[in-house]
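Here are a few friendly notes to read alongside the structure. Please keep the view open as you go through the points.

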Amino acid sequence: MENYYCNRLTEFANNRNSALRLLSLKKNAAYLQAQQIEKLDKNTFLVRSEKGEPAFTVNVKSGCCRCNAGMYGKLCKHQYAVYLFYELAFQNCSVAPKVKHQIACLALGKKAPPVSFYQPFFLENEQATDNPEVMTNEDESSNSRNSECRIA
């Protein structure tokens, strides 16, 4: 049983199943068109349900939807539709490299790769300076403690 959970945590940390999840959401949200999504304000949208009623409120900033799946922080088809038609990413769409590293440490202990392994291949200058979860190569080389397994 321990190996099962180690493998699941490692798969999650390494993004092994996110593409399948997005394909599933794409299929489930296929009924939606852009005109079925009402923008209420900068971060809030009203998305029609598959049955027509009720419509679900989606909040981009909090990463929540009022549907059953979204109420528990899970990425749902209504959030995916907002992402698709408005090109807005949700906080629960991706996991920060530091968090991925912590999950890998939980699963693999000292065998976990360093934080740099979980960094995106390309960093935009703006993203690297504004997001404290994203480290540049200079940050990692100047602070070797970042690659140690420490779970706070």
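**Notes on the rings, a helix and the overall fold**

1. Let us start with one side chain. Tyrosine 86 has a relative accessibility of 28%, so this residue counts as partly exposed. Please bear in mind that the model is a predicted one.

2. Which residue shares an aromatic pair with tyrosine 86? The partner is phenylalanine 45: the ring centres lie 4.7 Å apart and the planes meet at 50°. The pair is called tilted because that angle falls between the limits of 30 degrees for stacked and 60 for edge-to-face. Phenylalanine 45 belongs to strand S2 (residues 44–48), while tyrosine 86 belongs to helix H3 (residues 77–86). With their positions 41 residues apart, the two rings join distant parts of the chain.

3. Is phenylalanine 45 buried or exposed? Its relative accessibility is 0%, so phenylalanine 45 counts as buried. Tyrosine 86, as said above, is partly exposed at 28%.

4. The whole structure holds 2 aromatic pairs. Besides the one just described, tyrosine 80 and tyrosine 83 form a tilted pair, with 6.0 Å from centre to centre and 45° between the planes. Both of these tyrosines sit in helix H3, 3 residues apart, which is about one turn of the helix.

5. How do tyrosine 80 and tyrosine 83 fare for exposure? Tyrosine 80 has a relative accessible area of 9%, which is under 20%, so tyrosine 80 is buried. Tyrosine 83 reaches 37% and therefore counts as partly exposed.

6. Now to helix H4, which covers residues 97–108. This helix of 12 residues runs 16 Å from its first C-alpha to its last, close to the 16 Å expected at 1.5 Å a residue. Buried residues in H4 include Pro97, Lys100 and His101, and also Ile103, Ala104, Cys105 and Ala107. Just after H4 comes glycine 109, with a positive phi near 65°.

7. Stepping back, the protein has 6 helices and 4 strands. Along the sequence their order is α-α-β-β-β-β-α-α-α-α. The protein has 152 residues, and 30% of them count as buried.

8. Two overall values complete the picture. Among contacts in the protein with a separation of 6 or more, 46% involve residues 24 or more positions apart. The protein exposes about 10,600 Å², and 52% of that area comes from carbon and sulfur atoms.

Notes: Residues numbered from 1 in each chain as written. Predicted model: local features only at pLDDT ≥ 70, side-chain atom pairs only at ≥ 80, totals over all residues. Heavy atoms only, no water. Helix = DSSP H or I, 4+ residues; strand = E, 2+ residues; numbered from the N terminus. Buried < 20%, exposed > 50% of the residue type's maximum accessible area, 1.4 Å probe, protein only. Contact = heavy atoms within 4.5 Å. Areas by Shrake-Rupley, 256 points an atom, 1.4 Å probe, with all protein chains shown as cover. Phe/Tyr/Trp six-rings, centres within 6.5 Å; stacked < 30°, edge-to-face > 60°. Expected span 1.5 Å × (residues − 1).
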